[in-house]
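Trainee: I would like a close look at one part of this structure. Please take me through how one helix packs against its neighbours.

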Amino acid sequence: MAMLIFSRTPIVTDRRRSVSLTPVRSSSPPTVRFSTLNTVASSNRVKTTGAALIWYKSDLRVDDHPGLFAASKHSTVVPLYVFDHRILRDFNEEFFELLLFAVKDLRDSLKDLGSNLMIRFGRTESVIEDLVKEVRAANVYTQEEVEYDSRLVIDKVRENLGDVFFEKDSPKVSLWSTPFYDIKNMMDLPLSYDEFQRLKLPVLSPLSAPNLPGVVPDLEWGPLPTLNDLKEFMDESPYKLKDSWSLIKNTSAEYVLQNDRILMSGGVANSQGSLNSLASQIKKKKLKKSAFITKQGNFVGGGTSDVLNALAAYLRYFEGTARDDWQELHERLRNAETREGASFGILFGPVLQLGVVSRRRVYNEAIKYEKDRNGGFLSPFGYSCFTIASVADHVCSREWYHILASRSQVDSTERYSTRYWRWKGHLIQYAVMGGEGPAILLVHGFGAFLEHYRDNITDIVEGGNRVWAITLVGFGRSEKPNIVYTELMWAELLRNFIIDVVGEPVHLVGNSFGGYFVSIVAGLWPALAKSVVLLNSAGHYIPGYSSVPPSKERKTTGIAWLGARGLSFYLRLSFRNLVKRCYPTKTDRADKGLLNEMSYDPGVLVVLESIFTFDPSIPLNYLLKGFKGKVLIIQGMKDPISDSKTKVTVVKKHFKEIAIKELDAGHCPHDELPEEVNSIIREWVINIEREPEILKQTAKDGSRIAAT
C-alpha cells in the first residue's frame with residue numbers, strides 16, 4: 001500500500017521472547033538524564049567528592065562527550081569499556097577491527113588528559129557492580145541508547161546497583177545524550193518532519209574535551225585485546241549462531257540467485273558463502289597514513305583525529321591534493337558514490353555508529369568549511385558542493401530518526417510501544433507480542449509501516465501465537481538512508497531480522513510489496529520459513545517458469561529521479577483519495593490513524609525512486625516452489641491496484657497446491673476486514689503446525705498395519 005507515513009507504535013516485549021522489559025525494582029538507583037546545556041552548567045560547579053564511572057559503549061571519544069564533561073566534576077573518574085557478548089553479537093570481523101582501533105585511540109586520548117581506560121570482558125552489570133564497590137563510585141555515567149539490546153543491558157546495570165549502598169544511598173545511573181538541538185521536552189516535538197523544520201532550532205555547538213583528575217592508583221586497567229583475542233572471546237558467546245544460520249546470514253540474495261542460474265545451465269555452483277567486496281578483490285599496497293585501516297579496507301577508521309582528517313579530505317574533494325591519503329579517500333569516494341550523496345554514509349557510517357566522532361561535530365566541520373568557501377556566508381538556497389550536502393544531510397537525517405526513536409521510548413500515549421534494532425548501521429523499528437506459540441512475522445507493503453497491522457497483532461497473539469511486526473528500512477519511523485533500494489535488499493533485511501531478532505523459523509505474512517519480499521526470503525532461504533501467507537501480494541504467477549533472469553545493475557536514472565519527485569507531488573495532492581480507494585468496502589478504515597501520519601522525512605525521495613527500478617521478474621510460483629501445501633493467498637477481490645480475478649484464476653488452474661481465500665475487500669484485506677483475516681491466519685498456522693504430528697501419526701498407523 002503506497003503510504004509514506006509515520007507509525008504509531010505496537011505493544012512490545014522481548015527481542016526474542018515476549019516477556020516485558022525487566023521492571024525497575026524499588027531498590028534500583030535513580031536514573032538522571034541530561035545533555036549538553038545542563039552538563040556545561042553542572043561542570044562549572046565546585047568539584048564533587050566521590051568517584052564516577054564513565055561506561056563507554058558507542059561513544060568512543062573524548063571530544064564532544066557530555067558524559068565525560070559531567071563526570072569531570074568528580075574528584076575521581078574511572079573510564080570503562082566492557083567487551084560484552086550482548087553488545088557485540090551483531091558485529092562482523094571488520095567492525096571488530098574498527099572497534100579495536102577506536103578503543104586504542106580512546107585509551108591514548110584519555111591518557112593525554114591524565115586518565116586511562118579500564119578494559120574488561122564479561123557481563124557489564126557484574127563488571128560495573130564490582131568496580132563501583134571497589135572505587136565507591138557515586139555515579140555511573142553512560143550514553144542513553146535507543147537500541148533494545150543496549151537498553152536491556154542498561155536496565156541490568158541499574159538493577160544490580162540497586163543492591164549496592166554507600167551511606168544509605170545507591171549509586172546513580174546518569175544517562176546523557178549529545179543532541180543537535182536544545183530540546184526541553186521530547187514530547188513537545190512534532191512527529192512531522194515538515195513541522196519540525198519550521199521550528200528552525202539552532203544546532204548546538206560541540207564540546208571540547210574536559211580536564212580530568214589523575215589516574216586512580218592500584219587499579220588494574222587491563223590490556224587491549226588483539227583481534228584474535230576478541231574473536232576467541234566471541235566464539236564463546238552464548239549468542240553465537242549455529243553454522244547453518246551463519247552461512248545463510250552471510251550469503252547474499254544475489255549470490256543465491258547466481259548459483260541457481262549456474263546450476264540451471266549445467267554448471268557447478270560456487271562454494272563461497274558470499275560475494276567478495278570490491279576492496280577485497282583489488283589488493284593494493286596500504287598507505288602508511290591510510291584512513292582505511294582494516295584488512296578489507298571498506299570503511300574509514302581510527303580515532304577521532306584520524307576520522308576528522310578523513311572528513312576534511314572528503315569535504316575538499318573538489319580542491320585537489322598532493323597528499324596520498326587524501327587521494328586515496330577521493331578514489332574511494334568515487335567508487336562508493338552509488339547514487340548522489342551515498343558515499344559519505346558508506347565510508348563514514350561505521351565510525352559514526354561507534355561514536356568515534358559525534359554527529360554534531362561532523363555537522364559543525366561541514367558548516368565551518370561551507371562558510372570558509374563562501375566568505376562566512378551560508379546560502380538559504382543550499383550548499384555550495386555535493387560533499388558538504390552529503391555530510392550535512394546524512395548527519396541531520398540520522399539525528400531526526402534518533403529523535404523519533406528516543407521519543408518512542410518515553411511516549412506513554414500510544415496504544416503500542418516499539419523497539420529498535422540496528423541493521424547495517426540503520427535503526428529499524430519493530431514490535432513483538434505473545435508469550436508462547438508459533439512465531440509469525442508481519443511485513444507491510446510499500447509506504448506503510450508496522451502499525452498497518454494495528455488490528456491484527458493482538459488478535460493473532462490471542463490465538464496462541466507470538467507475533468513480530470517490522471517497519472522496513474525506508475518506511476515509517478525506521479531510517480531512510482541514502483542507499484540503492486531493491487527487493488533483494490529488503491529480503492536480506494527480513495532474513496537478518498529473523499535470524500538476529502526472532503531467532504527461529506517463522507510463518508511469513510506479507511501485504512502488497514511485502515508479500516513479494518517474504519516470498520524471496522522463503523525461496524532463497526527456506527530454512528527460515530514455516531509457511532507463507534500472501535495478502536494481495538505484488539508479483540505474478542507464470543505456469544512452467546523454470547529460469548532465473550540475469551541480474552540487473554541498479555542505478556538511479558534520470559527517469560527515476562524525476563519520477564520520484566513527480567510522484568511525491570502527486571501523493572501530496574491525492575494521497576487521501578488513493579488510500580480510500582484501497583478500502584472499497586469499508587472506507588472508514590482509512591481513518592486519521594493512517595491519513596494524518598503521512599510524512600516527508602529525510603530520504604523519502606530516495607525510497608520513492610525504487611518504485612521505478614523495482615524488479616518483480618521472478619514469479620511467485622518459482623520462488624515458492626519448495627513450499628507445496630504451505631502457501632496461502634488471502635486476496636481482496638476488489639483490489640484497485642491489481643487484477644485479482646485474473647491472478648486467482650491462474651493460481652486455481654495451474655497451482656492447485658496453493659490455498660486461496662477470496663474476500664470482499666480491497667488491496668489491504670488485513671486492515672479492511674481484520675477479524676476475518678485474523679481468523680484465517682490463526683487457523684492456517686494451527687493446521688501447518690499440526691502437519692508434522694499428523695504425518696508422524698500416519699506413519700505410526702502405517703507401521704502397525706504392516707506389522708499385522
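Mentor: What follows is a walk around helix α14 and its two contacts, with a short look at another helix afterwards.

This is a predicted model, in which local features need pLDDT of at least 70 and side-chain atom pairs count only at pLDDT 80 or more, while totals for chains, interfaces and linings use all residues. Residues are numbered from 1 along each chain as its sequence is written, and side-chain values use heavy atoms, with hydrogens and water left out.

Two packed helices are described by the angle between their axes and the distance between the axes. Axes here are lines fitted to C-alpha atoms, for helices over the stretch in contact, and angles run from 0 to 180 degrees between N-to-C directions. Helices (H or I, at least four residues) and strands (E, at least two) are DSSP runs, numbered from the N terminus.

Start with helix α13 (residues 324-336), whose axis comes within 8 Å of that of α14, crossing at roughly 120°. That angle makes α13 oblique to α14; angles under 35 degrees count as roughly parallel, over 145 as roughly antiparallel, 65 to 115 as roughly perpendicular and the rest as oblique. From α13, the residues in contact (heavy atoms within 4.5 Å) are Leu329, Arg332, Leu333 and Ala336, and they meet Ala342, Ser343, Ile346, Leu347 and Phe348 of α14. By type, this contact has seven nonpolar residues, one polar and one charged. Ala, Val, Leu, Ile, Met, Phe, Trp, Tyr, Cys and Pro count as nonpolar, Asp, Glu, Lys and Arg as charged, and the others, Gly among them, as polar.

Now take the other partner. Helix α4 (residues 93-112) packs on α14 (residues 342-354) at an angle of about 60°, and their axes are 11 Å apart. These two helices are therefore oblique to each other as well. On the α4 side the contact is made by Phe95, Leu98 and Leu99, and on the α14 side by Pro350, Gln353 and Leu354. Five of the residues in the contact of α4 with α14 are nonpolar, one is polar and none is charged.

Last, helix α24 (residues 644-654) shows how one helix can have two sides. Its buried residues (under 20% relative accessible area; exposed is over 50%, partly exposed in between, with a 1.4 Å probe and protein chains only) are Ser644, Lys647, Val648 and Val651. They cover an arc of only 95° around the axis, so they lie on the same side of α24. The arc is that of the directions from the helix axis to the C-beta atoms. These buried residues pack against β13 (631-636) and β14 (659-663). The face turned away from the buried side of α24 carries the exposed residues Lys645, Thr649 and Lys653.
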